[in-house]
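User: I would like to learn how to read a few features of a protein model, going from a single residue to the interior. Could you take me through them one by one?

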Amino acid sequence: MNDDLIQYLLRLGDTALIQGQRLCEWCGNAPALEEELALMNVGLDLVGQARNWLEYAAELLNDGRTADDLAFGRDERSFRNLLLVEQPNGDYAVTMTKQFLYDAWHFDVLQQLCNSSDERIAGIAAKALKEVTYHLRRSGEWIQRLGDGTEESHARMLAAIEQVWRFTVELGAADETEQRLAAAGIAADHDKAANAWLAEVTQIFTLATLPVPSPANYFYLSGRKGLHTEHLGFILAEMQYLPRTYPNATW
Amino acid sequence: MYAQLVETGVKRLKSLDEMEPQERAFQERIDAEIKIEAKNWMPDAYRQTLIRQISQHAHSEIVGMLPEGNWVTRAPSLKRKLQLMAKIQDEAGHGLYLYSAMETLGADRDEEIAKMHNGKAKYSSIFNYPTLSWADMGAVGWLVDGAAIVNQVVLQRTSYGPYSRAMVRICKEESFHQRQGYQMLLTMMQEGTQAQKDMVQDSINRLWWPSLMMFGPSDEHSPNSAQSMAWKIKRQSNDELRQRFVDQTVPQLELLGCTAPDPDLKWNEERGHYDFGEIQWDEFYEVLKGNGPCNQERVSKRRNAIESGAWVREAAVAYARKQQLKRDVA
Amino acid sequence: MSDWTLFEVFVRSKHGLNHKHVGSVHAADASMALENARELYTRRNEGVSLWVVPSAAITASAPDEKEPLFDPSNDKIYRHASFYELPAEVGHM
């Protein structure tokens, strides 16, 4: 059960961390100054959440590694983030589509985790839920603005959805680790989260005059198993550069 | 100083007797330390100078995010990443407070930003230097924010109400930036490896002089100062502020165990201040003219962000109109 | 962002206090204005409530009306409690 729990915490933490890292890439490039502030704020929340999940994972691992060691010392095959969040930012339509698809799933998962039988998880989730409620509201509004904005923004949204939709397969399919943890009342029920996610996406896409694609199909990759797209390696090369170059340094 | 060499367009200072009644009343109000508010009458030169100064200050905050953006994806720990992200958010926020103050003068934010993008408006020269190591994030916080704070603390008492209030808010928030930067350097110097210590010293070597340049030209080459001081949109001279910065920074430098790249830097018992060497003013003017190491990158990055985001802003407006129409029909 | 509307922002810092003007934001619509105001003016726990108002909707008194508008209340000292002198025996009232 402990191994399952560690895997689960890494999934939550790594996903939040990589999404936060992608948001950092927007610094100085956002389409409006107000958005600079907002993107960085969402990123700040997510990196903070990642730290909480990874700290708990590090304690359970109990092998001397810290949350920082987990974030900056593991390679691609050990990362457990969702494939969706490691995809390149693209334009604002791609960025907001990724953000919204993640937020909608994240929101329901955290809601369930607030009732986790593991008190530590429930505590972290309760704090994170407040933040993610706001993230979802914001990204959902942007999906509507871009979807039902101009012809150009609508076309860009269609292209963005086309580009990242296939990675949502991970939001729908449960695996044994999560099923065991969910049965014990520790993790979120995957099917429940998948249904809530689809309902939210359908509602917002409809308001945004965007079609909801048919469910994505399973394919070879799986973030949960550490089988990532080629993008993750570059994210890590950048993010982990300092601790890897100066292994004995104190920052 | 975040605003350098702000043109007032005024050749000679008028005495109270030479002023028309309206201008005289305005100047007397300033002399009595009563704030000028947006709807009060003000001379056009005062308005235009303030727009230039506040927009330059705001541009500096926004361009100042870029060197930090250069490192935020490579911050070496989760804690440092969070701190830097919070700081970047503040810079964007401070830019917005300032643009907001500027807009009370009737200036348009987009137009003023476009002036920066086409080279007509300036921002602080310091951000045209590259940030080449993580230690630069510490040195920027300590030296660059430190220099900015020396200037901004004084500007809290500036004569224009909205500018003064923006400064009060900014100073309150910015005090953490300098401490954060210094603490990063201190950690590297006290607990770090030799490679890290070398990184810190190298960073100080590169950023020391550009930080001193932030206060602008020396007083004798500061033709606009007299008018700006009379209007109290500047409250102390460039050299006074620079001296204050050096005096407060040298003991901190010594505590770090680092040195400044200035053989003439030494305590002058008689003056009660530190003496320091001559600034390379040629370099300062070249950087200000656009010939610094990063001018092109900084400006083109900002221009590109706004241009390539046009479709996003247009979509938001189109959507808002459609929603308004729906509400009107209902 | 010329097409984004300028909104004035008012923050209530604690329950029971009045909303106070803090500055402005640009936004395409009111809900975006609220969010932008939240990011800009309440990053450090400054608020429990926010108002955003299109700047164009505010009517302000003109500075040259200061005398007719506000000076007349200067000499109405009987509106203040301190105007009414009472013997010390009355105590605090």
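User: In which helix is the place of B:Glu286?

Analyst: In this predicted model, B:Glu286 sits in helix α11 of chain B, which spans residues 281–291.

User: Is B:Glu286 buried, exposed or partly exposed, and why?

Analyst: Buried means under 20% relative accessible area and exposed means over 50%; B:Glu286 has 33% relative accessibility, and therefore it counts as partly exposed.

User: Which residues does B:Glu286 touch, leaving aside those up to four places away in sequence?

Analyst: With those neighbours not counted, B:Glu286 touches B:Asn291 and B:Gly292, and the side chains of B:Glu286 and B:Asn291 are joined by a polar contact of 2.7 Å.

User: How many cavities of 30 Å³ or more are there, and what lines the second largest?

Analyst: Rolling a probe the size of a water molecule over the atoms shows where empty space is left. Here the count comes to seven cavities of 30 Å³ or more. The second largest cavity holds about 110 Å³ of space and is lined by 14 residues, with A:Arg11, A:Leu12, A:Thr15, A:Leu82 and A:Trp105 lying nearest its centre. The largest share of that lining, five residues, comes from α1(A), and by class the lining has seven nonpolar, three polar and four charged residues.

User: Which residues have the most contacts inside the largest nonpolar core?

Analyst: That core has 196 residues, and those with the most contacts inside it are B:Tyr46, B:Trp134 and B:Trp208. Helix α2 of chain A, residues 33–61, gives the most to this core, with 14 residues. Not counting residues up to four places away in sequence, B:Trp208 touches several residues, among them B:Leu143, B:Val250 and B:Leu265.

Methods
Residues numbered from 1 in each chain as written. Chains lettered and ligands numbered in written order. Predicted model: local features only at pLDDT ≥ 70, side-chain atom pairs only at ≥ 80, totals over all residues. Heavy atoms only, no water. Core = buried A, V, L, I, M, F, W, Y, C linked by side-chain atoms within 4.5 Å. Buried < 20%, exposed > 50% of the residue type's maximum accessible area, 1.4 Å probe, protein only. Helix = DSSP H or I, 4+ residues; strand = E, 2+ residues; numbered from the N terminus. Contact = heavy atoms within 4.5 Å. 1 Å grid on protein atoms, 1.4 Å probe; cavity = no way out; pocket = protein on both sides within 12 Å on 5 of 7 lines; lining within 4 Å. Points joined across faces, edges and corners; volume = space filled by probe spheres on them. Nonpolar A, V, L, I, M, F, W, Y, C, P; charged D, E, K, R; others polar. Polar contact = N/O pair within 3.5 Å; in protein donor to acceptor, adjacent residues only side chain to side chain.
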